[in-house]
Amino acid sequence: MALEMKVPSPGESITEVEIAQWLVETGDYVEKDQAIAEVDSDKATLELPAEVSGVITLMAEEGDAVAVGQVVCLIDTDAAKPEGTTAAPAVEAPKAEEKKEEPKVAPAKAETYATGAASPAAKKVLAERGIDASQVTGTGRDGRITKADAIEAKPSLGSPGLGSRGESRKKLSMLRRKVAERLVSVKNETAMLTTFNEVDMQPIFDLRKKHKETFKDKHGVSLGFMSFFTLACVRALKMYPAVNSMIDGKEMISYDFQDISIAVSGPKGLMVPVIRNAENLSFRGVESEVKRLAIRARDGQITVDEMTGGTFTITNGGVFGSMLSTPIINPPQSAILGMHNIVERPIVRNGEIVVAPIMYVALSYDHRIIDGKESVGFLVAVKEALENPEELLMDNNILKALEL
């Protein structure tokens with residue numbers, strides 16, 4: 001009996017997926033629940049498990065877009081599981097090699113300096129500089145190229161050099177194409193602006209230096225920067241609810257909870273899993289959730305539900321060395337905070353010039369529902385919380401806040 005395996009629905013509103021990679025071949029014996037393929041939707045990459053055990057016959061090619069419910073393979077449940085290794089097919093003995101007549105090739109003309117060729121020394125110089133001899137005019141006898149000509153020669157900017165000029169083509173995954181569409185739509189359909197500020201990270205540095213080892217030993221996760229930024233954003237979102245809102249047609253929807261989307265880099269590109277109800281989480285809770293979601297994204301196990309429904313996004317380009325950027329809003333949200341790298345810079349503190357670890361932060365926002373006053377006020381509130389975390393994020397009780 002041959003079972004028809006159909007594409008299951010990976011989530012609401014998804015009508016088709018793309019076969020990213022088959023993990024088996026036609027004729028292979030597969031076990032029930034064995035991953036047989038990776039499929040891309042417009043939101044995530046998911047594994048397709050075998051529904052039964054048997055010999056598989058593939059019905060779709062890699063790169064094919066298939067509708068939800070479409071048959072993609074057949075599994076013969078009556079086929080017996082092979083025991084041990086199968087004998088290798090017999091190899092046909094090679095036939096006696098027929099004697100082929102070698103094509104006659106006209107003898108090459110001996111190259112002489114009279115033909116305008118380069119001298120051996122000139123050839124070496126031209127090869128080292130990646131310059132073709134045909135681009136050089138010789139000044140030697142009968143037009144030959146001398147070593148001096150080769151040294152003075154300048155490569156033509158309009159002509160290709162001697163290095164590789166190959167190219168390759170690869171089809172964009174459905175996830176990458178969908179991300180591209182969404183980013184272009186944001187630029188075209190929103191009134192996006194970006195405001196900037198800088199944060200003195202010294203107070204957070206001091207806190208982490210004093211407590212990070214104890215925190216890790218007790219909770220099993222590191223005390224990173226993300227928990228400080230997440231809780232600072234939660235506080236600012238409560239102060240400026242317009243930033244925690246979005247447009248739906250002619251209506252503005254505001255939320256009394258803070259679901260924070262965290263942009264992370266996965267094997268298939270940018271993933272944005274969501275920390276649900278971040279307003280209810282402690283430093284330990286945020287760090288544990290960030291670690292869990294990052295591991296699932298890295299291992300390709302993240303689900304559509306885990307990346308849907310955020311109200312505000314934080315992205316950290318600083319891990320890649322970015323000094324400053326204008327992050328693009330994650331639709332249908334109305335704002336996104338960009339973190340960047342931390343660099344020691346001279347600043348004025350208490351009337352004196354000191355060197356401090358400074359991070360530039362950026363807030364991109366939809367000006368249709370967020371005014372300049374609110375956007376700037378939000379970013380200043382984030383800055384204040386990060387520069388005074390003990391009072392504004394820990395209620396002046398560090399040990400209680402860190403659960404130590």
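P332 lies in the loop between β16 (312-316) and β17. The peptide bond that leads from P331 to P332 is cis, and its omega is near 5°. The model discussed here is predicted. Its chain has 404 residues, and 37% of them are buried. Nine helices and 19 strands are found in the chain.

**The chain as a whole**

- The accessible surface of the chain is about 23,800 Å², and carbon and sulfur atoms account for 51% of that area.
- Among contacts in the chain with a separation of 6 or more, 64% are between residues 24 or more positions apart.

**Strand β19 and its partners**

- Strand β19 covers residues 352-366 and pairs with β9 in the antiparallel sense, over nine bridges.
- On the β9 side, M192 has D366 of β19 as its bridge partner.
- Strand β17 (residues 335-339), which follows the loop that holds P332, also runs antiparallel to β19, and four bridges join the two.
- One of the residues involved is A335, whose bridge partner in β19 is Y365.
- Strand β18 (residues 342-349) is joined to β19 by eight bridges, again with an antiparallel run.
- Within β19, A356 is the residue that stands opposite R345.
- β18 and β19 together form a hairpin, with two residues between the strands.
- N350 sits in the turn of this hairpin and has a positive phi of about 55°.

**A nonpolar patch on the surface**

- F196 belongs to strand β9 (residues 192-200), the strand that pairs with β19 over nine bridges.
- Together with M323 and L324, F196 forms a nonpolar patch on the surface.
- The accessible area of the three residues together is about 280 Å².
- F196 has a relative accessible area of 40%, so it counts as partly exposed.

**Nonpolar cores**

- In soluble globular proteins, nonpolar side chains tend to be buried together.
- The largest nonpolar core in this chain has 74 residues.
- The residues with the most contacts inside this core are I36, F228, F283, F312, F378 and M394.
- Helix α5 (residues 225-239) supplies the largest share of this core, with nine residues.
- Another core lies apart from the largest one; it has nine residues, including A118, L126, I131 and I145.

**A four-stranded open sheet**

- Four strands make an open sheet in the order β1-β8-β6-β3, and their pairing is antiparallel.
- The edge strands are β1 (2-6) and β3 (29-30), each of which pairs on one side only.
- Two bridges link β3 to strand β6 (residues 54-58), and this pair is antiparallel.
- V30 is the residue that stands opposite G54 in β6.

**A67 and residues from earlier in the chain**

- A67 is part of strand β7 (residues 65-67).
- The relative accessibility of A67 is 35%, and therefore A67 is classed as partly exposed.
- A67 and V17 are 50 residues apart along the chain, yet their C-alpha atoms are separated by 6.4 Å.
- If neighbours within four places in sequence are left aside, A67 is in contact with V7, T15 and E16.

**Positive phi outside glycine**

- N277 is not a glycine, but its phi is positive, at about 45°.
- The position of N277 is in the loop between β15 (274-275) and α6 (283-298).
- N277 is partly exposed, because its relative accessible area of 32% falls between the limits of 20% for buried and 50% for exposed.
- E403 is another residue other than glycine with a positive phi, near 60°.
- E403 is in the segment after α9 (398-401).
- With a relative accessible area of 27%, E403 is also partly exposed.

Note on methods:
Residues are numbered from 1 along each chain as its sequence is written. This is a predicted model: local features need pLDDT of at least 70, side-chain atom pairs count only at pLDDT 80 or more; totals for chains, interfaces and linings use all residues. Side-chain values use heavy atoms; hydrogens and water are left out. Buried means under 20% relative accessible area, exposed over 50%, partly exposed in between (1.4 Å probe, protein chains only). Contact means heavy atoms within 4.5 Å. Accessible areas come from the Shrake-Rupley method with a 1.4 Å probe; for residues, only the protein chains shown count as cover. Patches are made of residues with over 30% relative accessible area and no salt bridge: like charges are joined within 9 Å, nonpolar side chains (Val, Leu, Ile, Met, Phe, Trp, Tyr) within 5 Å. A salt bridge is a side-chain nitrogen of Lys or Arg within 4 Å of a carboxyl oxygen of Asp or Glu. Two strands pair if DSSP finds at least two bridges between them. A nonpolar core is a set of buried Ala, Val, Leu, Ile, Met, Phe, Trp, Tyr and Cys residues joined through side-chain atoms within 4.5 Å.
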